[in-house]
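User: I should like to understand how the terms in a structural description are justified. Please take the structure below and explain the reasoning step by step.

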Amino acid sequence: AEAASGRALFQSDSEIDHLFRVFRMAGTPTVASWPEIVSMKNFSPKFPVYSGFKLPQVARASCGSRTDWDALMAQASPDRDEILKNLMQVASVLGPEGMFALDKLIAAAPSQRAGAD
């Protein structure tokens, strides 16, 4: 993603800023998506809750799907416009297959991440 866009996917200036940027893009982990998250010592139920962008939808929007673009814009509140813009740039280079791979690489729950196989 960084090679495709020429910039870091999560540009941050502190650990907590980095974590919240990940949440803004990929979604805040929940007990439903990652049951073990609540047992991690640094996780807080007070973290802001974001629904993640669906990277296949971003790929379709970058290919011209107006329906997907409109849905993404509705989801991108003011604090996520820059993230969506960066994702669209990445999607225009990676295409649908690359965005599918990226989606599997950045999944929060280890059991949902792509392996080296």
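**Salt bridges and a bent helix**

Analyst: Arginine 24 counts as buried, at 15% relative accessibility. The model is a predicted one, in which local features need pLDDT of at least 70, side-chain atom pairs count only at pLDDT 80 or more, and totals for chains, interfaces and linings use all residues. Residues are numbered from 1 along each chain as its sequence is written, and side-chain values use heavy atoms, with hydrogens and water left out.

User: Why is arginine 24 called buried?

Analyst: Buried means under 20% relative accessible area, exposed means over 50%, and partly exposed lies in between (1.4 Å probe, protein chains only). Arginine 24 has 15%, so the residue is buried.

User: What makes arginine 24 and aspartate 79 a salt bridge?

Analyst: The term requires a side-chain nitrogen of Lys or Arg within 4 Å of a carboxyl oxygen of Asp or Glu. Here the N to O distance is 3.6 Å, so the pair qualifies. Arginine 24 lies in helix α2 and aspartate 79 in the loop between α4 and α5, so the pair ties together parts that are 55 residues apart in sequence. Helices are DSSP runs (H or I, at least four residues), numbered from the N terminus. Aspartate 79 is partly exposed, at 38%.

User: How many salt bridges does the structure hold, and how do you know that aspartate 17 and arginine 21 form one?

Analyst: The structure holds four salt bridges. The side chains of aspartate 17 and arginine 21 meet at 3.2 Å, N to O, which satisfies the cut-off. These two residues are four residues apart in helix α2, and are therefore separated by about one helical turn. Aspartate 17 is buried, with a relative accessible area of 17%, whereas arginine 21 is partly exposed at 23%.

User: Is aspartate 68, which pairs with arginine 60, buried or exposed?

Analyst: Aspartate 68 is buried, with a relative accessible area of 10%. Its partner in the salt bridge (2.9 Å, N to O) is arginine 60, which is partly exposed at 42%.

User: How do you know that helix α5 falls short of a straight helix?

Analyst: The expected span is 1.5 Å times one less than the number of residues. Helix α5 (residues 81–105) has 25 residues, so a straight helix would reach 36 Å, but the end C-alpha atoms are only 22 Å apart.

User: Where does α5 bend?

Analyst: The bend at a residue is the angle between axes fitted to the seven residues ending there and the seven starting there. At glycine 95 this angle is about 115°, and proline 96 follows within four residues. Glycine 95 is also one of the buried residues of α5.
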